[in-house]
Amino acid sequence: MLRNEFLKSAAFILFLNKKDLLLKKLSSHPLRKYVNGYNGQNDDDACAFMKDYFLKRKSTRDTGRTIYSHFCTATDTKNIEFVFRAACEIVLTKNLLKAGIQ
């Protein structure tokens, strides 16, 4: 996925923004109409497909790398607060593990 030597063991957070617009588009433009082999039945299936599409790009060299993913809507302040807290928790946990505290 990422080949930068300095980031080879770094965890990554994948923000999939504009979920609200994706769901709005899916109501009039079903994903199966545009993606061969997609058989999802609802919005949750479409979101899972999109997330998996990105996560499958992880190369075999990235086995030790963790990628966290979050769907978000930047205009939804409660959603952004939740995602920001989750991102902070990920960073804190990763650093505690490195320090041998957790």
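This section describes the annotated site, the helix α3 and the local contacts of a predicted model.

The predicted chain has an average pLDDT of 83, and 89% of its residues score at least 70. Among the elements of the chain, the highest mean pLDDT, 91, belongs to α1, whereas the lowest, 83, belongs to β1.

An unreviewed UniProt entry lists N17, K18, K19, D20 and A74 under the term "binding site". Although these residues span 58 residues in sequence, no two of their C-alpha atoms are more than 9.4 Å apart, so the listed positions gather at one spot. Two loops contribute to this group. N17 is located in the loop that connects β1 (12-16) to α1 (19-28), and K18 is placed in the loop between β1 and α1 as well. A74, in turn, belongs to the loop between β2 (67-71) and α3 (77-99).

With a relative accessible area of 38%, N17 is partly exposed. When neighbours within four places in sequence are set aside, the contacts of N17 are C72, T73 and A74. A74 is likewise partly exposed, its relative accessible area being 48%. Beyond its neighbours within four places in sequence, A74 is in contact with N17 and I80. N17 and A74, both named in the UniProt record, are thus in contact with each other.

The backbone at K18 merits separate mention. Most residues other than glycine have a negative phi. K18, which is not a glycine, nevertheless has a positive phi of about 70°.

T73 also lies in the loop between β2 and α3. Its relative accessibility of 12% is under the 20% limit, and T73 therefore counts as buried. Apart from residues up to four places away in sequence, T73 touches N17, K18, K19, D20, N79 and I80. Among these partners, N17, K18, K19 and D20 are positions that the UniProt record lists for the binding site. T73 itself is not named in that listing, which comprises N17, K18, K19, D20 and A74.

A polar contact links the loop residue T73 to helix α3. N79 is part of helix α3, and its side chain reaches the backbone nitrogen of T73 at 2.8 Å. Outside the range of four places in sequence, N79 makes contacts with F71, C72 and T73. N79 is also one of the buried residues of α3.

Helix α3 consists of 23 residues and reaches 33 Å from its first C-alpha to its last, a span close to the 33 Å expected at 1.5 Å a residue. At the start of the helix, a side-chain oxygen of D76 comes to within 3.2 Å of the backbone nitrogen of K78. Just after α3, a positive phi of about 75° is found at G100.

The buried residues of α3 are N79, V83, A86, A87 and I90. The elements that cover these residues include β1 and β2. A87 offers an example from this set. This residue of helix α3 has a relative accessible area of 10% and is buried. With residues up to four places away in sequence excluded, A87 touches I13 and F15. The C-alpha atoms of A87 and F15 are separated by 9.9 Å, while the two residues are 72 residues apart along the chain.

Helix α3 also carries a charged pair. Side chains of opposite charge can pair when their charged atoms come close. A search of the whole structure finds one salt bridge. In this salt bridge the side chains of R85 and E81 meet, with an N to O distance of 3.6 Å. R85 and E81 are four residues apart in helix α3 and are therefore separated by about one helical turn. R85 counts as exposed at 52% relative accessibility, whereas E81 is partly exposed, with a relative accessible area of 44%.

Notes
Residues numbered from 1 in each chain as written. Predicted model: local features only at pLDDT ≥ 70, side-chain atom pairs only at ≥ 80, totals over all residues. Heavy atoms only, no water. UniProt positions renumbered as here; feature names shortened; annotations may be inferred. Buried < 20%, exposed > 50% of the residue type's maximum accessible area, 1.4 Å probe, protein only. Contact = heavy atoms within 4.5 Å. Salt bridge = Lys/Arg side-chain N within 4 Å of Asp/Glu carboxyl O. pLDDT = per-residue confidence, 0-100. Expected span 1.5 Å × (residues − 1). Polar contact = N/O pair within 3.5 Å; in protein donor to acceptor, adjacent residues only side chain to side chain.
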